[in-house]
Amino acid sequence: MAAVMTVMEKPPSWSQAKVELNDPSFLTRVKNFDKDSITNATLKKIEKFTKDPSFAPPNVQKVSRAAGALCLWVHAMQMYAEVYREVEPKRLKLRLAEEELEKKQSDLRLARKSLEDIQSRLEELNNQYDESLRNKSELNSSAEELRVKLERAESLITGLADERDRWELSLESYKDKLGNIPGDALLGSAFMSYAGPFTSTYRSHLVKDLWMSKLQDSSIPCSADFDFTDFFVTPVDVRQWQLDGLPTDPFSAENGVLITKASKWPLIIDPQNQANRWIRKLKSSQITVVDPESKSLLRILHLSVQTGRCVLLERLQTQIDPSLEPIITKNVVDVNGKRFISIGEQLVPLDDSFSLWMTTKIGNPLFPPEIEAEVTLINFVIMQDGLTEQLLGIVVMKEEPSLEAHKHALVLKLAEGRKRLQDIEDQILRLLTDARGCLLDDLELIRVLQDSKRVAGEVSSQIEVSERTMKKIDQAREAYRYARQGMFERHKPLLSLHLCASVLLADDQINRQEYAFLFTHGGVPDSSPLAANPDPEWITPAVWQLICKADQLEGLQGLQNSIEQNIRIIPAASRFVTETMDSKFVENSPLDWEELLSSSKSSVPLLFILSGVDPIGQLTAFATSKNTTSTSEFPWDAVRFRIAGACYGGRLTDERDMRLLRVYCNDCLNPQVLANDFKFQGLQQYPMPEDTSLTGLRQYVRELPAIDPPELFGQHVNAEIQSQIEEAEELFATLLSIQHPGADISDTGDAETRESRVLRCCDHLESVLPNHLDIPRMEQATVEDLSPLRVVMIQEAQRLNRLLACVTEMVRHLKRGVAGLVVMSEDLEALQCSLLSGKVPPCWEFAFPSLKPLSSWALDLSARVDQISKWGLEGQPKAFWLGGLTYPGAFLTALLQQFARRNSISVDTISFEFVALTTYDENTISSSPRDGAYVKRLYLEGASWNVDGMSLREPEPMQLICEMPIVHFKPVARRRAPAEMPYMCPIYQYPCRAGKNGRPSLVTMQEIRSGAQDPSFWAKRGTAILLSTAS
């Protein structure tokens, strides 16, 4: 307790201790004792207690728990006081630091408060600044937007101003067109439905002369300059078609519209394959090309119908497979809302993208009416404009490939430029139509207008430059428009006349009726001429009939009263071309051997196609000048054999040609030709050249006549006349054959229609044709005649009856076809064309061949029937018309057989003796000969007949054909050797010596006295006997 009292700074006595212990608040005071108030003196006093080991709390705890607790308290007070002595300064410092901290924190709070005020102000200022910037930006944006809109407005006004004038004009035009739409639509639909099969001229006639007048009469407005192509497509579309290969003429453009726009499948008449090539390029990979005869046709159609591909059915014939008709006629079946089409026996799903295009190479096809009604029939026969441009392009491509390539590139460039302008205009109109709100906000419209102005300027400049260049190129191309290189000489007059006539016909400078007269020999057969023939010796009845017909033409009236000279057609045609166009179109240009050599290669041979002129001499001379050949001597016999036998002989199959070749070789290949004074055929203008140098030979060739006279070939002057007649006939026939398919050259524009001319011709034929031969009656009348000649007669009658039946039946069907009672077949179409041109139809030539025009042929047929009829009913004639038999060779053979039977000898040992009488009139003959037969109406060509000498002799000028007196074909078993070498004369059935249609013209060979000339003389003249003539 003394230690407790010491801590409490009480007297350390027991009495004080008891006083304190008796105090009820003693423990409270102990617990709440102010520990910090213990002084250092008190602490030293306490140490004497705490250092006493016996005063340790455990020990005291053992004596008294209360005392132990107070002991522990004293130790705690001591420990606290000691710690306090160390901690108190620190606490003081801490307090001072805290006070300083509090001061600083107070200052910090003030500073922060000030900072917050400043930051608040700053934020307010920043907000004001940002607001100012936003206002500034908005003002700038607004100003920029106003500037951009101003620029856009300027661009819009400027861009649209360039289009304004044109659009105003277009608007006026569209207003007019809008009012004309009813009539134009009717014209377009009528054209689409009906005009396809016709030519360009007739299409124009339908539109302008027929349909427009009908519309005007019905007060339906239509465009005066209605154009079918412009009504359906744009010029850009047409130009693209032309780039794909469509011909550039308007007729082809119309066909392009018909093909692409018609609702029915197009069936194209395409003999020149123009449409086929264009369609292939137009559709390229989208089309499948198939032939109607292909075994895979149905399979291809199956796939194409299902997949929607285009099918080009080319080379279609008039007989169409029935399995194709449902497709061609669009016979679509609806099954449960799905469309099907029948192919064969199957229903195939139809894709709407499927299309069928058909072409035929037949120039004038006749399809079944049910097919023609379900397709769009289109005439794609190439026209003159398109053909001219294509041929010109081919010539220029060969001669100046760079020029044509440049033109093609410019065409593409022009088309592309115009298409760009059109696309831009369409886009502008679309954007203006679709614009919503302010136009200034439509950036795409502004951009397109800006681009359009730039592009339009560029394209317009390019178009202007390109068009100028195109004009220059076209001027350069025009130099090749009348190219005549690489042609046979005999074809150059044909081309010149055809080009000249085509130009004049196109400009209506030639009377079509007169021009047609040249081709058709007067056209439709007519009655005999009324005027008398003024000179029958050289004007044949057929020629006089043509003269009388020509006299009926307006431009040739009075011709039959003023026949003064024989006009030669070829020279006259050359003069006509020279006077109408220029002499350069008929001048012959020599072959340039240097150019040929420069264009040749050692690995590619030059091929010379000969047309009567052999260039081997010129080639040899040119090769010699180039030191490429060497010559050596050959025996003349070997040379003649090599030329006549080996070189040319192997190509000749006719013995008469071989004979002529040997004669020419004997004349030209002999030692005499090397003599200085040698003249070919004795003509002064054909000597041997004296100067054999290259310069001398060139000069020699230049001095030779441009046209070789017939005497050079050992022929009479009449040969040149006959040759020119044949060339003229060939020229007219060729000109007629190259007319447009379906064109009527005889369509002269007069009141008489084509159909009326055909009917008139048919009526004339029916009036002149004889009745059928009464063969049973003829057989009955000659029943006792068992000779071979009776068999010949009956066979001839049967052939003529078949011919008469064919002619009568076809003429009857043609009249019904023209009247519209039957369908015109291909045979009837061919018959109609032949009748209109005055030609004998080829299908009538099966009985006997002939070159006569139709009018003469009909009279000739009547005379043939008359001869056979009289023979069968009245007995054998005194003189037979051998040319009036269909097979004269059979008649001659029958004569030999009859003689052989009568004399019981072999027919192989018998031949004819040719005995000419002195009379031409069979009425002067008393009776038929015992052996053989008298034959009349034989005609010599290349010679005349010397009645006194009974031999051949020279004909008179213009005596092209000489009629022989009646000849006795006398069979003999043993021929006497002739006193002079006879001429082996060929006898031909008609003037075409080579024959045709597999039927030879040669009847037989007969020995004839050659008179004062050597037989080789007549071989060079080509002397022969004709059984019939061409007139």
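Two strands pair if DSSP finds at least two bridges between them. Strands (E, at least two residues) and helices (H or I, at least four) are DSSP runs, numbered from the N terminus. Residues are numbered from 1 along each chain as its sequence is written. This is a predicted model, in which local features need pLDDT of at least 70, side-chain atom pairs count only at pLDDT 80 or more, and totals for chains, interfaces and linings use all residues; side-chain values use heavy atoms, with hydrogens and water left out.

**Stop 1: strand 1 and its partners**

Select residues 266–269, which form strand 1. Color Pro-266 and Ile-268 one way: they point to one side of the strand. Leu-267 and Ile-269 point the other way. All four are buried, where buried means under 20% relative accessible area, exposed over 50%, and partly exposed in between (1.4 Å probe, protein chains only).

Now add strand 8, residues 376–379. Strand 8 runs parallel to strand 1, and the pair has 4 bridges. Which residue of strand 8 stands opposite Pro-266? Thr-376 does.

Add strand 7, residues 355–360. Strand 7 also pairs with strand 1 in the parallel sense, over 3 bridges. Here Leu-267 has Met-358 as its bridge partner.

Stay in strand 7 and pick Ser-355. Is Ser-355 buried or exposed? Its relative accessible area is 12%, so Ser-355 is buried. Show its contacts, meaning heavy atoms within 4.5 Å. Apart from neighbours within four places in sequence, Ser-355 touches Trp-265, Arg-309, Cys-310 and Val-311.

Go back to strand 1 and follow the loop towards helix 12 (274–283). Stop at Asn-273, which lies in that loop. Its phi is near 65°, a positive value in a residue other than glycine. Asn-273 counts as partly exposed because its relative accessibility is 24%.

**Stop 2: a three-strand sheet**

Select strands 4, 5 and 6. They form an open sheet in the order 4-5-6, with antiparallel pairing. Strand 4 (332–335) and strand 6 (346–349) are the edges, each pairing on one side only. From one strand to the next, the twist averages 45°. Angles run from 0 to 180 degrees between N-to-C directions, and axes are lines fitted to C-alpha atoms, for helices over the stretch in contact.

Zoom in on strand 4 and strand 5 (residues 338–343), which are antiparallel over 4 bridges. Val-335 has Lys-338 in strand 5 as its bridge partner. Then show helix 13, residues 297–307. Helix 13 packs on the sheet and touches strand 5 and strand 6. Its direction makes about 35° with that of strand 6.

**Stop 3: two helix pairs**

Two packed helices are described by the angle between their axes and the distance between the axes.

Select helix 25 (residues 636–647) and helix 26 (residues 655–668). They pack at about 155°, with axes 10 Å apart. That makes helix 25 roughly antiparallel to helix 26. The cut-offs: under 35 degrees is roughly parallel, over 145 roughly antiparallel, 65 to 115 roughly perpendicular, and the rest oblique. The crossing is right-handed: the near helix is turned clockwise from the far one by less than a right angle, whereas anticlockwise would be left-handed.

Show side chains at the contact. Helix 25 brings Arg-640, Ile-643 and Ala-644. Helix 26 brings Met-658, Leu-661, Arg-662, Cys-665 and Asn-666. By class, that is 5 nonpolar, 1 polar and 2 charged residues. Ala, Val, Leu, Ile, Met, Phe, Trp, Tyr, Cys and Pro count as nonpolar, Asp, Glu, Lys and Arg as charged, and the others, Gly among them, as polar.

Move to helix 29 (residues 754–768) and helix 33 (residues 854–874). Their angle is about 20°, and their axes are 10 Å apart. Helix 29 and helix 33 are therefore roughly parallel. This crossing is right-handed. Cys-761, Leu-765 and Val-768 in helix 29 meet Leu-854, Ala-858 and Ser-862 in helix 33. The contact has 5 nonpolar, 1 polar and no charged residues.

**Stop 4: Met-950 and Ile-1025**

Select Met-950, in the loop between strand 13 (944–946) and strand 14 (951–953). Its phi is near 50°, positive in a residue other than glycine.

Finish at Ile-1025 in strand 19 (residues 1024–1026). Ile-1025 is buried, at 0% relative accessibility. Not counting residues up to four places away in sequence, Ile-1025 has contacts including Phe-914, Leu-938, Met-964, Cys-985 and Ile-1008. Draw a C-alpha to C-alpha distance to Pro-991: 9.2 Å in space, with the two positions 34 residues apart in sequence numbering.
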